[in-house]
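Please walk through this model with me, starting with a sheet and ending at an interface.

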Amino acid sequence: MKRRRILRPEGSLRQFPPDPFQSKKNMQSVNFNWKIKDIYLSQLDWTETSFRLTYNRPLPPLVHSIRTIGIQHPMVLQEVGPERYRIVAGWRRLRALQSIGLESIQCRIAPAEIPDGELLIWNFYDNLDRGFNPVEQVLAIKKMSAFVNEKALLDDILPLLGLASKTEILRRYLTIGELSPSYQNALFQNRLFPETIESSMRDFPNLTNCILALFIFLQWGYQKQKEFLADLLELSKRSGQDPRGILFSKPITEIFQYSLWSPQQKGAALRKYFRACLFPALTETEKAFSRSVASLNLDQRTKIAPPPFFEGGKYRLEVAFSSNRELSQSLERILPSLEEEKFDGLP
Amino acid sequence: MSFSFKKIIVEESARYAPLTEAILQTFPNLPVERVDQLPPLGPQGSIAESKRILYLTRFKGELIRPCPGTKEYICCGYRILHIGTNCPIDCSYCILQAYFNQPYTRLFVNTADLFDQLKAHVHEHPGEIFRLGTGEFTDSLALDPLTGFSRHLFQELPVYSNVVVELKTKTRAVGNLLKEIPISNIIVSWSLNPQEIIRKEERGAASLSERLEAARQCQERGYFLGFHFDPIIVFPGWEAAYRRTVEALFSALSPEGIVWISLGCFRFIPTLKPIIQKRSPSSRYIHQEFIPALDKKMRYVQSVRIEVYRKMVQWIRAHGKEITVYLCMENSSVWDKVFGFVPGENCSTLTEILDQRVLDLAMVKK
């Protein structure tokens, strides 16, 4: 079997080797002089996944399809030794055939001299019409970056994957390509997101696993994950404290040790704690506001809303009522505070 | 203090202006590039590098314009006399960093147009007081030794009884001013901060003691002075530091000659934060509690600002109860809690208060 050792500089965007397909036109023209051959499934090297760009696509529907109408699209193999083949395209179809109990199948055999890069690109285009989920996008970019130069990735591959043709996007997917495969499922299920994975890896390299596990546990969406990462970074910079020290501080560990709370409740408590740390003066103002409002002795139908962030000092008084009597009762509760100028005590 | 440039770019329209010729004669050895219009600096150009390129151009728009205030915050009604943008001083908090579509240290060489426009403005608004300043988009005096702009003011302004130009600076470049006989149309003012802030955050600016010494020389010469504690930056030990700064101010200067002192807490547009983080990674002040304010700028929480202003006013007024102290771009709630009144609410507007101060000056001079 031909295996290429790919040397990659650490800590920077990798240097791309020369691109065998320098333009989209060339990429579209990829074609080989196939041989057609009957292959026993026992001749396949199932451990060789260099060209695999598929993640978490269920097999039963494909098995059902093959049982009904047979194989419509031939698999592509390449000979890697005497009577040994690796799978270029059609890994799932072959697995489906195996599960049906078929022993051999007619396949296309790519010439042995075709380099890996061309085979990978062929498989990429072969899979293009089915679309790519987030894990497959990462797999495709990671694998193709070994063979395709940065410009071709940006100009051709990213748009075909449904991604914006931007360097920052390419870097993001290359970065998360280095992440442990154990997080692929969370990425697939939208419990982790490319942006937040990248931020975790970039800003908290020693805490990435901890943070990603936390996100999965708390079942936070994208916005909450993003805010948490920004807040943790800001808190760390503000206090000069190591992020690990913040994350494993007593108030936070206590939140997670409280066994009666659901993940959602723990997440809410964590966000509240972070907010109090980031906005101490605002939190104090909010408390002072609550105390002032309580001292006004208003009824349940009367609400006072402060200006956003208490900026500007314009408060809103709202009285909900359904009758003259209700409004009169509410106003009677307001008037004494007004006469005593208690509203001037609002922060 | 002198600033070194590595190159001069001359726009074709500015080529034959007297100021251009004078500047080129001052720097005979500097490379000169002539262009038809503003060239893009390119992504590789840094702000620091950009500041070392002097760009001479004619400004084709309004050279006199109102200060860009917002309705939620009380504006002093100052007008900008637009002599250039950017300056050789490199303050970490400078808002101009966020407007990098206007690179280089840009000087407008069409000085005569500026005074023509001033004449027209004054003619169109008879009876109005014109408080003008050149320090909004650049430092008023940093390039004065090079441009001699202040000398033009001495020639052009005395005919106006209702025009005052405030020259706001962080330098000690008062040489040209000290050569002239002061006129009531010119107020020289300094932005002040504690020396620890100046040292860390105002790269290339004069030290506090240098600024106060320059101010002392101007006061001794007979100029009226202004001071601006803006931006006030809250940091551990800020109270002692700002109190020391106020004390240093009044140790060096007599309060009688001070026209006004303004206060303004640090605020910034959100896009400035990553620029400060990148250009000044050791600056801690950006990592504080800020809230999005009504003008979309990030500000300290109102309660913090009120505490800062109350203390500053107390320290300043300890040296003279009548010293005019005002807040730059603050809301009415803050004014009320700091001063017990809101300009324009059953009393004079801030514009009127400061205009009156200008009229008082004119009386004093007479």
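How many bridges join β1(A) to β5(A), and do the two run parallel or antiparallel? Six bridges join them, and the strands run antiparallel. One contact to look up is K35(A), whose bridge partner in β5(A) is I109(A). Keep in mind that the model is predicted.

Now widen the view. β1(A) and β5(A) belong to an open sheet of five strands in chain A. The order is β1-β5-β3-β4-β2, and the pairing is mixed. At the edges sit β1 (35-40) and β2 (44-45) of chain A, each paired on one side only. In general, strands of a sheet pair through backbone hydrogen bonds, in either the parallel or the antiparallel sense.

Next, take β3(A). Strand β5 (residues 104-110) of chain A runs parallel to β3(A), with three bridges between them. On β3(A), residue V76(A) has R108(A) as its bridge partner in β5(A). V76(A) also has a bridge partner in β4(A), namely A89(A). β3 (residues 76-81) and β4 (residues 84-89) of chain A pair in the antiparallel sense, over five bridges. The hairpin of β3(A) and β4(A) has two residues between the strands. There, E83(A) takes a positive phi near 60°.

Two helices lie across this sheet. Helix α3 (residues 91-100) of chain A lies across β2, β3, β4 and β5, and runs at about 120° to β4(A). Helix α4 (residues 116-127) of chain A lies across β3, β4 and β5, and its angle to β4(A) is about 45°.

Now turn to the interface. There, 23 residues of chain B are in contact with 17 residues of chain A. The two chains bury about 1,400 Å² between them, with 50% of it on carbon and sulfur atoms. Which residues of chain B lose the most area to chain A? They are H287(B), E289(B) and I291(B), together 36% of what that side buries.

Polar links cross the interface too. The rule finds two salt bridges between chain B and chain A. In one salt bridge, the side chains of K273(B) and E234(A) meet at 2.8 Å, N to O. Ten residue pairs are in polar contact across the interface, both residues at pLDDT 80 or more.

On the chain B side, the elements that give two or more residues are α10 (272-279), β16 (290-292), α11 (302-317) and α12 (332-339). The largest share, four residues, comes from α11(B). By type, the chain B residues that touch chain A divide into nine nonpolar, eight polar and six charged.

How values were computed:
Residues numbered from 1 in each chain as written. Chains lettered and ligands numbered in written order. Predicted model: local features only at pLDDT ≥ 70, side-chain atom pairs only at ≥ 80, totals over all residues. Heavy atoms only, no water. Pairing = 2+ DSSP bridges. Contact = heavy atoms within 4.5 Å. Buried area = accessible area lost by both parts, 1.4 Å probe. Salt bridge = Lys/Arg side-chain N within 4 Å of Asp/Glu carboxyl O. Polar contact = N/O pair within 3.5 Å; in protein donor to acceptor, adjacent residues only side chain to side chain. Nonpolar A, V, L, I, M, F, W, Y, C, P; charged D, E, K, R; others polar. Axes fitted to C-alpha atoms, helices over the stretch in contact; angles between N-to-C directions.
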